[in-house]
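The following account leads the reader through selected helices, helix pairs and loop residues. Please keep the sequence and the structure in view while reading.

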Amino acid sequence: MITNAALQRRLDTRTKPQGSLGTLETLAVRIGLALDTDTPAFRAPQMFVFAADHGIATDGVSAFPQSVTAQMLLNYLRGGAAINVLARQHGITLRVVDAGVATDIGEHPSLLARAPARGTRNFRIEPAMTAEQREHAIATGRALAQDALRQGSNALMFGEMGIGNTACASMLLHRRTGWSLDECVGRGTGLDDVGLARKRERLAVASARRPEKLTPIETITEFGGFELAMITGALLATADEKCIAVIDGFAVTVAALLAIEIDPRVRSRCIFSHCSAEHAHRQLLAHLDVKPLLDLGMRLGEGTGAAMAWPIIDAAARLMTEMASFESAGVDDRAS
């Protein structure tokens, strides 16, 4: 098994002053540890975008109607969304997953139809999903990740889309950390002050429905979304593999929090791509004691932050692997 010290030695003998590549060197070490090699190289990077609807959306917790979820799903399949552009630019294979969209859009050759149901129930008044639906969603995410890894990929990226899912993610964060709803709940797709107050009020009612302490799995069942449950399952699949998992924005980071709580080994596979502008994301990253690669004020979701960070991640691996040593290049090392 490769060690941190061995990776650092390799970096320190490359043709550069020690530490001169800054954060790229820290990132290269993380990648080497995750892939268990001092010559990391990525194969067949894949982006999974999980789309799903949420029953809580009927409570007016989003600035957009629930119909937008299915419309955006079709946009992904037609290649017209931001994540399509970035995936094409960076040579990332895009996998679009119907994790539980309310509208059945029918079959499509590029769609992975995996919905346990047509959206979750309204968790303000009842559990978001049944135990069977939760297990289906987590197992589905795990299987999708395992299939990608078996087919040769060692770099998985995760994004999400679904009207109401920042309400869901905020609720999960509130219940896992104990932070107040004021700390956890943001404007999502662009709520005004009245909408934000309504969102917080609806989530307070929902939380009061199950005031007792819950396990991570129980929290997903009560307040989760199918897309976040699938991402949690996919991340759990990485724990035993030599791979990285690139985490997108706020909602995906909440899924990572859940996965790490369930299996702490997941943390060593995760690379956090960016700090989104969504309320509470910066605090959540600090809670996890991780530093994102980018801070561009983005809050789109759908994996765009992860795709933007991908060239930096790939560059860190290439510098570790392809850069000459002082000895091989015939360059004098530091003066003794």
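**Buried helices, helix pairs and loop residues**

In α11, the buried residues are F250, A251, V252, T253, V254, A255, A256, L257, L258, A259 and I260. This list comes from a predicted model. Helix α11 covers residues 250-262. Its 13 residues reach 19 Å from the first C-alpha to the last, close to the 18 Å expected at 1.5 Å a residue. Because 11 of the 13 residues of α11 are buried, the helix is largely enclosed by the rest of the structure.

Helix α10, residues 226-238, can be described in similar terms. It has 13 residues and reaches 19 Å from its first C-alpha to its last, which is close to the expected 18 Å at 1.5 Å a residue. In α10, 13 of the 13 residues are buried, so this helix is largely enclosed by the rest of the structure. T232 is found in helix α10. With a relative accessible area of 0%, T232 is buried, the cut-off for that class being under 20%. Not counting residues up to four places away in sequence, T232 touches I220, A255, L258, A259 and I262. Among these partners, A255, L258 and A259 belong to the buried residues of α11.

A further buried helical residue is I313, which lies in helix α13, residues 304-322. The relative accessible area of I313 is 0%, and I313 is therefore buried. Apart from neighbours within four places in sequence, I313 is in contact with L27, I31, F42, I244, V246, I271 and L293. One of these partners, I271, is 42 residues apart from I313 along the chain, and the C-alpha atoms of the two are separated by 8.7 Å.

Two helix pairs may now be considered. Two packed helices are described by the angle between their axes and the distance between the axes. For helix α1, residues 4-12, and α2, the axes come within 10 Å and cross at roughly 135°. That angle makes α1 oblique to α2. The crossing in which α1 passes α2 is right-handed. At this crossing, N4, L7, Q8 and L11 in α1 meet E25, A28, V29, G32 and L33 in α2. By character, the residues of the contact between α1 and α2 divide into five nonpolar, three polar and one charged. An α-helix has 3.6 residues a turn, so residues three or four places apart point the same way.

The second pair consists of helix α6, residues 165-177, and helix α8, residues 193-209, which pack at an angle of about 50° with their axes 11 Å apart. The helices α6 and α8 are therefore oblique to each other. Their crossing is right-handed. From α6, the residues T166, A167, S170, M171, H174 and R175 meet K199, L203, A206 and S207 of α8. The residues of this contact of α6 with α8 comprise four nonpolar, four polar and two charged.

The loops supply the remaining examples. T120 is found in the loop between β3 (111-113) and α5 (131-150). At 9% relative accessibility, T120 counts as buried. Leaving aside neighbours within four places in sequence, T120 is in contact with D53, H54, G55, A128, M129, G224, G225 and F226. A117 is also found in the loop between β3 and α5. With a relative accessible area of 21%, A117 is partly exposed, because buried means under 20%. Beyond neighbours within four places in sequence, A117 is in contact with G100, Q133 and F226. F226 is thus named among the contacts of T120 and of A117. The C-alpha atoms of A117 and M129, which are 12 residues apart along the chain, are separated by 8.9 Å.

The loop between α2 (23-35) and β1 (46-52) contains D36, and A44 lies there as well. Most residues other than glycine have a negative phi, and most peptide bonds are trans. D36, although not a glycine, has a positive phi of about 60°. For A44, phi is near 45°, again a positive value in a residue other than glycine. How accessible is D36? At 25% relative accessibility, D36 counts as partly exposed. A44 is likewise partly exposed, with a relative accessible area of 43%.

Key
Residues are numbered from 1 along each chain as its sequence is written. This is a predicted model: local features need pLDDT of at least 70, side-chain atom pairs count only at pLDDT 80 or more; totals for chains, interfaces and linings use all residues. Side-chain values use heavy atoms; hydrogens and water are left out. Helices (H or I, at least four residues) and strands (E, at least two) are DSSP runs, numbered from the N terminus. Buried means under 20% relative accessible area, exposed over 50%, partly exposed in between (1.4 Å probe, protein chains only). Contact means heavy atoms within 4.5 Å. Axes are lines fitted to C-alpha atoms, for helices over the stretch in contact, and angles run from 0 to 180 degrees between N-to-C directions. Angles under 35 degrees count as roughly parallel, over 145 as roughly antiparallel, 65 to 115 as roughly perpendicular and the rest as oblique. A crossing is left-handed if the near helix is turned anticlockwise from the far one by less than a right angle, and right-handed if clockwise. Ala, Val, Leu, Ile, Met, Phe, Trp, Tyr, Cys and Pro count as nonpolar, Asp, Glu, Lys and Arg as charged, and the others, Gly among them, as polar. The expected span of a helix is 1.5 Å times one less than its number of residues.
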